[in-house]
Amino acid sequence: MPDWRVLIVEDDRTVASVNCRLVAKLPAFTVVGVAATAAQAQQMVVNLRPHLILLDLGLPGGNGVALLRGLRASGAPVEVIAVTAASSTAVVRAILHLGVIDYLVKPFAPERLRQALGQFLARMSALHPDRLDQTAVDSLREGGAPSHRWLPKDLTAERLKEIEQLLASAPEPLTAGEVGVATGIARVTARRYLEYLVTIEQATCESVIAGPGRPRKTYRATLRPAVGDAAPAGRADAPPAGR
């Protein structure tokens, strides 16, 4: 499997650190640098030759839109995922016209970034042959093959499926504590699985007030298709949302 080099262009150190950790948790990706300005990013593209840039648009000393236009004009063979708080129609349209793989509006769930990285993998896989037939071109035009849905490294596909089946068969919504008891794992671990299922829309969460104290969170399975049986540990394959 190729080792895809990722450059993170983000002036907020906290956000950059979070994005670095998210990318580092996924196989096949390596963060090769972090740039806080457009000028630094330009130089790092030349020196580090990344395959992919996670690009914030609000940068000091030059905005990300101008940076991306410059990269496209130079012919730099790099893919881009926009990661930004900018959501005006004009900006989104300009960025999409410049051929980004995806556009993520802050704040976003970690699974949304994993989905975007899966779209990058799908595009690179489709571009592997030297020449593309019509089917391959159509796949690229439509956004590539079904993307990978990546599980965080501390979760396993087998346990995820077990918990999903438990929710689906339960007559009433379950709490993280109840799921933990039923599956033999800690409540906090059960909650990570449950929150992940909520993120990928395989479950819903509701806060229930039962007397004094903090509301209880209960989880119920949705009617969406289950996670694939054959997904290897660390990854569960599923079509991207909205496809």
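A salt bridge here is a side-chain nitrogen of Lys or Arg within 4 Å of a carboxyl oxygen of Asp or Glu. With that in hand, Glu-10, Asp-56 and Lys-106 can be read as a network of salt bridges. Everything in these views comes from a predicted model.

**View 1. Glu-10, Asp-56 and Lys-106 join up in a salt-bridge network.** The structure holds six salt bridges. In one of them, Lys-106 pairs with Glu-10, with 2.7 Å between the closest N and O atoms. This pair ties together distant parts of the chain, 96 residues apart: Lys-106 is in the loop between strand S5 (102–105) and helix H5 (110–126), and Glu-10 is in the loop between S1 and H1. The two partners differ in how much surface they show: Lys-106 is partly exposed, at 23% relative accessible area, while Glu-10 is down at 4%. Glu-10 therefore counts as buried, the cut-off being under 20%.

**View 2. Here is what surrounds Glu-10, in the loop between strand S1 (4–9) and helix H1 (13–24).** Which residues does Glu-10 touch, not counting residues up to four places away in sequence? The list runs Val-15, Ala-16, Val-34, Ala-35, Ala-36, Asp-56, Leu-59 and Lys-106. The Glu-10 side chain also has a polar atom 3.0 Å from the backbone nitrogen of Asp-12. On top of that comes a side-chain to side-chain polar contact with Lys-106, at 2.7 Å.

**View 3. Helix H3 (residues 64–74) has its buried residues on the same side.** Those residues are Gly-64, Val-65, Leu-67, Leu-68 and Leu-71. They sit on the same side of H3 because they cover an arc of only 160° around the axis. Look to the other side of H3 and you find Ala-73 and Ser-74, both exposed. What do the buried residues of H3 pack against? Their partners are S1, helix H2 (38–48), strand S3 (52–55), strand S4 (79–84) and helix H4 (89–97).

**View 4. Now for the two ends of H3, with Asn-63 as the cap at the N-terminal one.** A side-chain oxygen of Asn-63 lies 3.0 Å from the backbone nitrogen of Val-65. Val-65 also turns up among the buried residues of the helix. After H3 comes Gly-75, and its phi is positive, near 80°.

**View 5. Arg-114 and Glu-111 meet in a salt bridge within helix H5.** Their side chains come to 3.2 Å, N to O. The residues are three apart in H5, about one turn of the helix. An α-helix has 3.6 residues a turn, so residues three or four places apart point the same way. Are the two partners buried or exposed? Arg-114 is buried, with a relative accessible area of 8%, and Glu-111 is buried as well, at 3%.

**View 6. Over in helix H7 (residues 157–169), Arg-159 and Glu-162 make another salt bridge.** The closest N and O atoms of the pair are 3.0 Å apart. Again the partners are three residues apart, about one turn of the helix. Arg-159 is partly exposed, with a relative accessible area of 24%. Glu-162 counts as partly exposed too, at 33%.

Note on methods:
Residues are numbered from 1 along each chain as its sequence is written. This is a predicted model: local features need pLDDT of at least 70, side-chain atom pairs count only at pLDDT 80 or more; totals for chains, interfaces and linings use all residues. Side-chain values use heavy atoms; hydrogens and water are left out. Helices (H or I, at least four residues) and strands (E, at least two) are DSSP runs, numbered from the N terminus. A polar contact is a pair of N or O atoms within 3.5 Å; within protein, one must be able to donate a hydrogen and the other to accept it, and residues adjacent in sequence count only if both atoms are side-chain atoms. Contact means heavy atoms within 4.5 Å. Buried means under 20% relative accessible area, exposed over 50%, partly exposed in between (1.4 Å probe, protein chains only). The arc is that of the directions from the helix axis to the C-beta atoms.
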